[in-house]
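I open this notebook to record what I looked up in the structure shown below. The entries are grouped by topic.

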Amino acid sequence: MSRMRVLAAAAAAVAALIAGPGLAQESAAAPLPQVAASDWRTVPADALLVIDTNRGRILVEMAPEAAPLHVERMRVLARRAFFDGIVFHRVIDLFMAQTGDPLGNGEGQSPYPDLVGEFTFRRGPATPFTPVAEPAGSMLGFLNSLPIQTQPTGLMPTTADGKVHGWGVYCPGVAGMARDEAPNSANSQFFLMRQPYPALDKRYTVWGRVVSGLDVVRAIKTGDAANNGMVPSDPDIMTRVRVATDLPEDERPVVQVLDTASGTFRTLADTARSARGADFSICDIDLPVQVSGPPAPTA
């Protein structure tokens, strides 16, 4: 069994899990609400991972508050050009696109030690969090652009550290770390969600979310369904992966995401909840994004 495959049996169950409404779409595909200049939040350059592929550019806002060890690993590998030229070796339609293996067969990894799993994190009063729904015993909302579920804020005064558990929700565009059966075996392979898959929640580390380029993720060549999504020939490729701070200033994209602390976001969230009713999912909220700066290099 390949060391870094994500849920070997997942492909068979994907269709049932994503059937029906609630699939987030690329922000540009839907009409944007009126957004004042003060309602935009600029993604810090040191939290912006720029993934250039032969299909186009993918921009990921990393979430060090949720997975500091994994975000630091992604920064280190990107700065060492480790990902340049690595293929998307395993891609399952309606599920995810997996990459980060230098061998391209699901068995490879970086020379660095495996990582301790960060399946949940501790959320405190200083953690940037905007709630949008409160199902029984929990809260749903956003940590910057990352959809999360968390224990209620009201429990904070009762815990030893004044914090509560939170975890990323596997909505479209969410970036997770691949591993084998051992919880602490993630290394360099990662995956980008093409559609929602809640069965991964709290089982695979979430380290960020695609804020631009979900259409690119969904355009990546899919693999052989009979072979767990492995791409048998001519796979798509990451041509260059860098943290935005490591790019020359004249090559650095600037990404602005609707600030979840804004009134515009509250209107957007309320509209989504009203439209979906009892079927509401945090994945139904798609944050508007605008990208400026130089165009991506051609493959």
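**Entry 1. The eight-stranded sheet**

I began with an open sheet of eight strands, which has the order β4-β5-β12-β11-β13-β3-β2-β14 and antiparallel pairing. The model is a predicted one. I noted that β4 (90–92) and β14 (238–243) each have a single partner strand, so one side of each is left without a neighbour in the sheet. From one strand to the next, the twist averages 20°.

I then looked at the β14 edge. β2 and β14 run antiparallel and are joined by five bridges. Within this stretch I found Val50 opposite Arg242 in β14. I also looked up what packs on the sheet: helix α2 (residues 68–79) does, touching β2, β3 (56–62), β11, β12, β13 and β14. The direction of α2 makes about 120° with that of β14.

**Entry 2. Thr53**

I next followed β2 (residues 48–53) to Thr53, which lies in this strand. Is Thr53 buried or exposed? Thr53 has a relative accessible area of 4%, and therefore I list it as buried.

I looked up the polar partners of its side chain. A polar atom of the Thr53 side chain lies 2.9 Å from the backbone nitrogen of Arg55. The Thr53 side chain also reaches the backbone oxygen of Gly56, at 2.8 Å.

**Entry 3. Gln189**

I located Gln189 in the loop between β11 and β12. Its relative accessibility is 0%, so I count Gln189 as buried.

Which side chains make polar contacts with that of Gln189? I found the side chain of His89 at 3.4 Å and that of Gln98 at 2.9 Å. I also checked Thr99: Gln189 and Thr99 are 90 residues apart in sequence, yet their C-alpha atoms are 5.6 Å apart in space.

**Entry 4. The five-stranded sheet**

I turned to an open sheet of five strands, in the order β6-β10-β9-β8-β7 and with antiparallel pairing. Its edge strands are β6 (121–123) and β7 (130–133), each of which pairs on one side only. The twist here averages 40° from one strand to the next.

At the β6 edge, I found that β6 and β10 pair in the antiparallel sense over three bridges. Arg123 stands opposite Val164 in β10. Helix α4 packs on this sheet, where it touches β7 and β8. I recorded about 20° between the direction of α4 and that of β7.

**Entry 5. The nonpolar cores**

I looked up the largest nonpolar core, which holds 47 residues. Which of its residues touch the most other members? They are Val132, Met193, Ile282 and Ile285. I noted that β2, β7, β8, β9, β12, β13, β15 (254–258) and α4 each supply at least two residues of this core. The most comes from β8, which gives four residues.

I took Ile282 for a further look. Leaving aside residues up to four places away in sequence, Ile282 touches Val132, Leu140, Gly141, Phe142, Pro147, Val169 and Cys171. Apart from the largest core lies another, of 31 residues, among them Val60, Val71, Val231 and Met238.

**Entry 6. The disulfide**

Cys171, one of the contacts of Ile282, led me to the cysteines. I found one disulfide in the structure. Cys171 and Cys283 form this disulfide, with their sulfur atoms 2.0 Å apart. The torsion about their S-S bond is about -90°, so I record the disulfide as left-handed.

Why does this pair tie together parts that are 112 residues apart in sequence? Cys171 lies in the loop between β10 (164–168) and β11 (174–177), whereas Cys283 lies in the loop between α4 (263–276) and β16 (289–292), so the pair joins parts separated by that stretch. I noted both Cys171 and Cys283 as buried.

**Entry 7. Positive phi values**

I closed with the backbone torsions. Most residues other than glycine have a negative phi. I looked up two residues with positive values.

Asn144, in the loop between β8 (139–143) and β9 (146–150), has a phi near 55°. Lys202, in the loop between β12 (190–193) and β13 (206–212), has a phi of about 65°. Because its relative accessible area is 44%, I list Lys202 as partly exposed.

Methods:
Residues are numbered from 1 along each chain as its sequence is written. This is a predicted model: local features need pLDDT of at least 70, side-chain atom pairs count only at pLDDT 80 or more; totals for chains, interfaces and linings use all residues. Side-chain values use heavy atoms; hydrogens and water are left out. A disulfide is a pair of cysteine sulfur atoms within 2.5 Å. Buried means under 20% relative accessible area, exposed over 50%, partly exposed in between (1.4 Å probe, protein chains only). A polar contact is a pair of N or O atoms within 3.5 Å; within protein, one must be able to donate a hydrogen and the other to accept it, and residues adjacent in sequence count only if both atoms are side-chain atoms. Two strands pair if DSSP finds at least two bridges between them. Axes are lines fitted to C-alpha atoms, for helices over the stretch in contact, and angles run from 0 to 180 degrees between N-to-C directions. Contact means heavy atoms within 4.5 Å. A nonpolar core is a set of buried Ala, Val, Leu, Ile, Met, Phe, Trp, Tyr and Cys residues joined through side-chain atoms within 4.5 Å.
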